[in-house]
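User: Please take a close look at one helix of this chain and the residues that face it. Set it in the context of the whole chain, and cover the ligand site as well.

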Amino acid sequence: MNTGVEDRQSEEDWSSRIAHVLKEIWGFDALRPLQQDAIEANLRARDSLLVMPTGGGKSLTYQLPSLLLEGLTVVASPLISLMKDQVDGLVANGVPAVSLHSGQDEQTRHHNRQQIQSRQTKLLYVSPELLVGGSLNGLLRTIGVRAFAIDEAHCISHWGHDFRPEYRRLADLRGIFPEASFHACTATATPQVRQDILEALVLSDPSILVGNFDRPNLTLRIRRREGGRDQLVEEVRRHDGQGVIVYALSRKDTEQIASRLCKEGMTAKYYHAGLSSRERDRVQTQFAREEVNIVVATVAFGMGIDRSNIRAVIHASMPRSIEHYQQETGRAGRDGEPADCVLFHSYADVDRWRRLATRSFEEAVAEGGDVDALREDFQAKDELLEDMNRMASGMRCRHQSIVRYFGGDWDRGSCKACDVCLDEIELLPDGRDVARMILSCVARVKQNFGVGHLSEVLCGSEAQSVLRWRHHELSTWGLLKRFHKKEVVHLIHQMIDHGYLERTRDDRPIIVFSEQSSAVMRGDIEIELMRPPKPRRTGRSVSQAELEEGVDADLLEKLKQKRKSVANEQDVPAYVVFSDRTLKAMAKHRPSGLRTMRMLHGIGDAKLQSYAPVFLEVIESHCDDGDRDIDLD
Ligand code: ADP
């Protein structure tokens, strides 16, 4: 019979053996929170699910037990580069570990299989497809498996951001190795994904261990992206000489941004899946060795990067899920020192992701895929995108949002490390009135129209659709005409994000009241709306040529307005005041005084005296408003 005394004794025994191996093999003095629990579950052959942020130390939790007990631990890992890093690290520490994957030559595979067969290896890293395939299975059956560790276990879920069909087949191993325990690990799992992992792997009475997702040393900012890439360049420059990753949405974006940064005198490399593996390895190595400090990359970059002193992760566009955001920002400041994360957000990113998802859905259908399954996958992705967009356009503490998203509790009040808690977000001074105007309009159109139509009405548009429904006769027509239509769309989205309105989930979604709408109308809820991003002007007002590199489109627009009013006052044509070229030069260099103004094209002494001062005022107030630098080269 098992007595309590024996239990305690074996626990003490384990603890001292764990501490010994930890020090001897890894040179670490103590386990981190949750590592102890995860290691114990493994030693007791109890299934477990460990959710811990990147860098939390998950791998140790299955590596260390493998050294304390007889038998083989098999680690399913999705990426060859990750496997390689792990095995190299273990071997360097004197731990017998091997990997098997499709990137190896026949000789290496043969050698590694022999290591397994002779039971000399304690840890085998293998890709899921090899694991569920035939021949390896036979070998493993003859020698037996003590434990399976499933790394990046979120890949098993449709609701995760990295679904991989071969992961779902890992459940077959349960039947083949009934005596083995299963240990799922992931850095990113929402409660829904967690549930999916538990079910798909049929974990039995698992120990569920969820770590803290907050990274208080990261300052998180989400800014609206305005025009060109100036904001991005400024942000990167702020971290001159430090490790910076810029994440971009497409391969082309990475190349363009890297080239712009180089033009600005910085050394930046780009990295994406279109490069040869040799080129990618080179960039990774240069970055890891700090020969290069700035890498502009698509999501693929960073999975195997062990550079702990990255001081900034900058998103040139919005990632497609909060999981991605959390994981990518998580690559900054792994040394625990302060690091900055800035995301430049625009609603256009949502459209871009949606277009990409639609295209890959259509391609997969055309290739004969299972339409229902593909549609489910598409919808799951769309919801993840919505969640990300809601967070980016919302005004809730960023740290809190992430912690809550992953199912954790937040009881810290202000984080003091995000744009919201640092009071950096610009609010609409009359947000409450604007919200009421939007709600009245929804009522006037009888909750029967979508965002586009509502914004047309509120902006006072005379579009066909508005006239046809006689909505130009409504009292709410034109109530928000001080905004551009796109800005009103943004405001309505904010209302939806906050739950003050709802959007139906039809093919043609319409906007209807939510439970909170009437409370907002009555003024029972204190609400705030963010100033919407200025739309990028297209068409006649700002031509493509004007949006050439470095020209601040918003400033250019303000300068043109000023030119118009000066010209009107003096009753002269606009070009007499300043030519377009001169205004563009101002919008590019943002001079701070007459001396620098004088250096621009088209400004002689006379115009310097007569016109320059009022234009300087425009530049100054624009720069103050947006906290922008002046006197750019
Ligand atoms: P994850 O798999 O969760 O992303 P890793 O297992 O790669 O994280 O561990 C991240 C880093 O933390 C590694 O450099 C690892 O050696 C280190 N580490 C893990 N556990 C400890 C510990 N108890 N004490 C000190 N360093 C640790």
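Analyst: The domain assignment divides the protein chain into domain 1 (10–210), domain 2 (218–405), domain 3 (431–522) and domain 4 (547–626). The model is a predicted one. Between domain 2 and domain 4, the C-alpha centres are 35 Å apart. The C-alpha trace of the protein chain extends over about 100 × 55 × 50 Å along its principal axes. The protein chain holds 28 helices and 15 strands. Of its 633 residues, 51% are buried. Its exposed surface comes to about 30,400 Å², with 46% supplied by carbon and sulfur atoms. When contacts between residues at least 6 apart in sequence are taken, 70% of them join residues at least 24 apart.

The helix to look at is helix 10, residues 191–200. Its buried residues are Val 193, Arg 194, Asp 196, Ile 197, Leu 198 and Ala 200. An α-helix has 3.6 residues a turn, so positions three or four apart point the same way. The partners of the buried residues of helix 10 include three strands: strand 1 (48–51), strand 6 (181–186) and strand 7 (207–210). Helix 8 (165–168) and helix 14 also pack against these buried residues. Just past the end of helix 10, Val 202 has a positive phi of about 50°.

Helix 14 covers residues 322–329 and contains Gln 326. Gln 326 counts as buried because its relative accessibility is 4%, under the 20% cut-off. Beyond its neighbours up to four places away in sequence, Gln 326 touches Pro 53, Ala 187, Thr 188, Phe 213, Ile 402 and Phe 406. One of these contacts, Pro 53, is 273 residues from Gln 326 along the chain, yet their C-alpha atoms are separated by 8.5 Å.

Val 371 makes a useful contrast. Val 371 belongs to helix 16, residues 371–393. Its relative accessibility is 34%, so Val 371 counts as partly exposed: the value lies between the 20% and 50% limits. Apart from neighbours within four places in sequence, the contacts of Val 371 are Phe 361 and Val 365. Val 371 and Leu 140 are 231 residues apart in sequence, and their C-alpha atoms are 36 Å apart in space.

That leaves the ligand. The ligand is surrounded by 13 residues, of which Ala 30, Gln 35, Gly 55, Lys 58 and Ser 59 are the closest. Sorted by class, this shell has five nonpolar, six polar and two charged residues. Both side chains and backbone take part in N or O pairs with the ligand. In the side chain of Gln 35, an N or O atom is 2.9 Å from a nitrogen atom of the ligand. In the side chain of Arg 32, an N or O atom is 3.3 Å from an oxygen atom of the ligand. Gly 57 takes part through its backbone, with an N or O atom 3.0 Å from a ligand oxygen atom. On its own, the ligand would expose 570 Å², and the protein buries 72% of that area.

Note on methods: Residues numbered from 1 in each chain as written. Predicted model: local features only at pLDDT ≥ 70, side-chain atom pairs only at ≥ 80, totals over all residues. Heavy atoms only, no water. Near = heavy atom within 4 Å. Polar contact = N/O pair within 3.5 Å; in protein donor to acceptor, adjacent residues only side chain to side chain. Areas by Shrake-Rupley, 256 points an atom, 1.4 Å probe, with all protein chains shown as cover. Nonpolar A, V, L, I, M, F, W, Y, C, P; charged D, E, K, R; others polar. Domains from an automatic or database assignment. Helix = DSSP H or I, 4+ residues; strand = E, 2+ residues; numbered from the N terminus. Buried < 20%, exposed > 50% of the residue type's maximum accessible area, 1.4 Å probe, protein only. Contact = heavy atoms within 4.5 Å.
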